[in-house]
Protein chains: 2
Amino acid sequence: MAKGDEDFGVVRRIDGKPLRIHGTVARDLGISIVSGEYLPGAILDNEVTASEELKVSRTAYREAVRILSAKGLVEARPKIGTRVSPRKNWHLLDPDVLYWMFQREPDEQLLASLFELRRIIEPEGAALAAERRSDEHLRIMERALQDMRTHTLATEAGRAADQLFHSTMLDATGNAFLASLTSGVEAAVSWTTEFKQRKAPLQRDALPDHIKVFEAVSAADAVAARAAMVELVDQAFVDTTGAGKDTAAA
Amino acid sequence: MAKGDEDFGVVRRIDGKPLRIHGTVARDLGISIVSGEYLPGAILDNEVTASEELKVSRTAYREAVRILSAKGLVEARPKIGTRVSPRKNWHLLDPDVLYWMFQREPDEQLLASLFELRRIIEPEGAALAAERRSDEHLRIMERALQDMRTHTLATEAGRAADQLFHSTMLDATGNAFLASLTSGVEAAVSWTTEFKQRKAPLQRDALPDHIKVFEAVSAADAVAARAAMVELVDQAFVDTTGAGKDTAAA
DNA sequence: TTGTTGTTTTTGTCCGACTATATTCCTGCG
DNA sequence: CGCAGGAATATAGTCGGACAAAAACAACAA
């Protein structure tokens, strides 16, 4: 390969790092499972057979299964085999699982549930941020908003600024659990957005909603921050699905 | 071992199943990490050294690392080693991570954050359940309440009934994400309760709060269900910490 | 200084053998 | 005939050891 070239054929992770073999196998199997190709209770091929089938060593295959098992998707037992766990046991809010779930066709019902959760969580997050944010938080968020304006969400830099805005606000809530939860969910949604955007490229400018949230947080006005974030989430739902104003109004 | 005997020395998982070697190593390492023994950015011993140190094969050690990596606790890179990830990347709401976090001394701040999250989530969950529950849900919940009354929370059967009550209500919300999230958090809290209960055995009877929630859900009264659940969570917070009425009133 | 090339350390992958576990089945006893 | 106990068996679990690949680092050259 000539200097400067890059191999875009390499499978990459969420964070852009290349996937090892065990990672790709885990990802493929994970997607198959969450998309219903293997139903809960189904038993996967035994390790020897499965690894031969996938043309990887048994070691690599086992490490992949460990990953899926750590996320609650499967359960391995001697003499029985590796069984797909009941959905109830799946770690649905695990970032990878979330990512896998929205890789095929984003299930309408599931997407609605996800936004239902966002609508519960994020307004309260904004309210907490309004009460607890530091001046440093405000500085970063304001700067991020400026970058969003100049670059727009169509560019990589713009989306990075958007992420910075949100992650800074999460940090400002002072609640690590809330931050962990929301960051994963928002990431999942942003992938869906990306997915949808190939078909329906144009949608409403998200900046005004962000500004409203920022101003409320800046003014330490929890009530206003909550209201502004409700609007932002509802708008995001409409943008993502194109429908479902009923759910948003519930 | 004579018939009927059991080996209580075996390390067991949350669900009671025995842990394999890779499981115990993952658990031990995981607890060390979340309890701050290894700080974010720190690099673990290389696989050969570490596995020798722990007297396990490199294969088993690697599978343990895969588990931790799947939960966002560590990140492994060739030539660098296995590095503890920044806390921001940890999957804090993963049931195992949560479990590990409350194994040593339950951090006061963290526990408060967890209840802050519960106070946001669970009332809304109860409200949704009130709107969407089926008659079957009601039947199971009522039955569970009866069992709670007859057995009390001091017994295994009583706690099982309590769990059934809560998990049924989560099912009734019709939101898989909400259910997944809450079940993990409630489980973590119940372990802390168990932990605390060794010192302060006696606390207020939780049954009346449960009944109020049930009656509201049964009457399909979302507002009342929300209010009743707020009370239940606040009461649980007081019972768990013994202090912190400020946070509960926020 | 900058770019390139080699060195080296560490994780990643593979293989093949053996162990542990738990189901299934069979056998013999009541 | 039914059932308890033990043997057979299929599967995941563990091991050790070899080699491959990635990536930081050092040495060197332009």
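In this predicted model, α6(A) passes α9(A) in a left-handed crossing. The axes of α6 (residues 135-151) and α9 (residues 207-218) of chain A cross at roughly 165°. That angle is over 145 degrees, so α6(A) and α9(A) are roughly antiparallel to each other. The points below take this helix pair, then chain A, a second helix pair in chain B, the contact between the chains, and the two DNA strands.

**The α6(A)–α9(A) pair**

- The axes of α6(A) and α9(A) come within 11 Å.
- From α6(A), the contact takes A:Leu138, A:Met141, A:Glu142, A:Leu145, A:Met148 and A:Arg149.
- From α9(A), the contact takes A:Leu207, A:His210, A:Ile211, A:Phe214 and A:Ser218.
- Seven residues of this contact are nonpolar, two are polar and two are charged.

**Chain A as a whole**

- Chain A has 11 helices and two strands.
- Starting at the N terminus, its elements follow the order α-α-α-β-β-α-α-α-α-α-α-α-α.
- Chain A has 250 residues, and 39% of them are buried.
- Take the contacts in chain A between residues at least 6 apart in sequence: 63% of these join residues at least 24 apart.

**The α1(B)–α3(B) pair**

- The axes of α1(B) and α3(B) come within 8 Å.
- These axes cross at roughly 50°, an angle that is neither under 35 degrees nor within 65 to 115, so α1(B) and α3(B) are oblique to each other.
- The crossing of α1(B) and α3(B) is right-handed.
- On the α1(B) side are B:Ile21, B:His22, B:Val25, B:Ala26, B:Leu29 and B:Gly30.
- They meet B:Ala60, B:Tyr61, B:Glu63, B:Ala64, B:Ile67 and B:Leu68 of α3(B).
- This contact has nine nonpolar residues, two polar and one charged.

**Contact between the chains**

- 26 residues of chain B touch 26 residues of chain A.
- On the chain B side, the elements that give two or more residues are α3 (58-70), α5 (108-132) and α8 (176-197).
- α5(B) gives the largest share of that side, seven residues.
- By class, the chain B side holds 13 nonpolar, six polar and seven charged residues.

**Around DNA strand C**

- DNA strand C is surrounded by 22 residues.
- The closest are A:Arg20, A:Ile21, A:Ser57, B:Asn46 and B:Lys79.
- Chain A gives two or more residues from each of α1 (21-34) and α3 (58-70).
- Chain B does so from β1 (74-77) and β2 (81-84).
- The surface near strand C has eight nonpolar, six polar and eight charged residues.

**Around DNA strand D**

- DNA strand D is surrounded by 20 residues.
- The closest are A:Asn46, B:Arg20, B:Ile21, B:Ser57 and B:Ala60.
- At strand D, β1 (74-77) and β2 (81-84) of chain A each supply at least two residues.
- From chain B, α1 (21-34) and α3 each supply at least two residues as well.
- The largest share of the surface near strand D comes from α3(B), with three residues.
- By class, the surface near strand D has seven nonpolar, six polar and seven charged residues.

**Residues that recur in chain B**

- B:Ile21 is among the closest residues to DNA strand D, and B:Ile21 also takes part in the contact of α1(B) with α3(B).
- B:Ala60 is likewise among the closest to strand D, and B:Ala60 is one of the α3(B) residues that meet α1(B).
- α3(B) gives two or more residues to the side of chain B that touches chain A, and α3(B) also supplies residues to the surface near strand D.

Technical notes. Residues are numbered from 1 along each chain as its sequence is written. Chains are lettered from A and ligands numbered from 1 in the order in which they are written. This is a predicted model: local features need pLDDT of at least 70, side-chain atom pairs count only at pLDDT 80 or more; totals for chains, interfaces and linings use all residues. Two residues are in contact if their C-beta atoms, placed from the backbone, lie within 7 Å. Helices (H or I, at least four residues) and strands (E, at least two) are DSSP runs, numbered from the N terminus. Ala, Val, Leu, Ile, Met, Phe, Trp, Tyr, Cys and Pro count as nonpolar, Asp, Glu, Lys and Arg as charged, and the others, Gly among them, as polar. A residue is near a molecule or strand if its C-beta atom, placed from the backbone, lies within 6 Å of it. Axes are lines fitted to C-alpha atoms, for helices over the stretch in contact, and angles run from 0 to 180 degrees between N-to-C directions. A crossing is left-handed if the near helix is turned anticlockwise from the far one by less than a right angle, and right-handed if clockwise. A residue is buried if 20 or more other C-beta atoms lie within 10 Å of its own, exposed if 12 or fewer, and partly exposed in between; C-beta atoms are placed from the backbone.
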